[in-house]
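Please open the structure in your viewer and keep the selection tool at hand. The tour below proceeds one selection at a time.

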Amino acid sequence: MELAYIQDPGHGWIACPASLVRDLGIAHQVSRYSYLDRPSGTAYLEEDCDAGLLIDAMRAAGMPFSIR
């Protein structure tokens, strides 16, 4: 799975399907610094708090990924 890294001058996020966050069982751990775009079903996980949580969960599940 290819994940997008998005940034503005002060922060960065990893974009992924919100369903992935739910399926990995980490939704309850995501901080208030991340965002959910309900219409598109995309979660934007803040780089300092939650992106590592996603990456660790994907590795633990044996899911291959890349970040662009």
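How many positive and how many negative side chains does the chain have? Select Lys and Arg, counted as positive, and then Asp and Glu, counted as negative, with His and the chain ends not counted. The chain has 5 positive and 9 negative side chains, and the centres of the two sets lie 6 Å apart, the place of each charge being NZ of Lys, CZ of Arg, CG of Asp or CD of Glu.

This is a predicted model, in which local features need pLDDT of at least 70, side-chain atom pairs count only at pLDDT 80 or more, and totals for chains, interfaces and linings use all residues. Residues are numbered from 1 along each chain as its sequence is written, and side-chain values use heavy atoms, with hydrogens and water left out.

Next, display the chain as a cartoon. Two helices and five strands appear, in the order β-β-α-β-β-α-β from the N terminus; these are DSSP runs (helices: H or I, at least four residues; strands: E, at least two).

Now turn to the interior. The largest nonpolar core (buried Ala, Val, Leu, Ile, Met, Phe, Trp, Tyr and Cys residues joined through side-chain atoms within 4.5 Å) has 14 residues. Buried means under 20% relative accessible area, with a 1.4 Å probe and protein chains only. Select C16, L24 and L54, which have the most contacts inside this core. Helix 2 (51-60) is among the elements giving two or more residues, and its four residues are the largest share.

Finally, select C16 alone. Leaving aside neighbours within four places in sequence, C16 is in contact (heavy atoms within 4.5 Å) with L3, V21, G41, T42, A43, L45 and L54.

Methods. Buried < 20%, exposed > 50% of the residue type's maximum accessible area, 1.4 Å probe, protein only.
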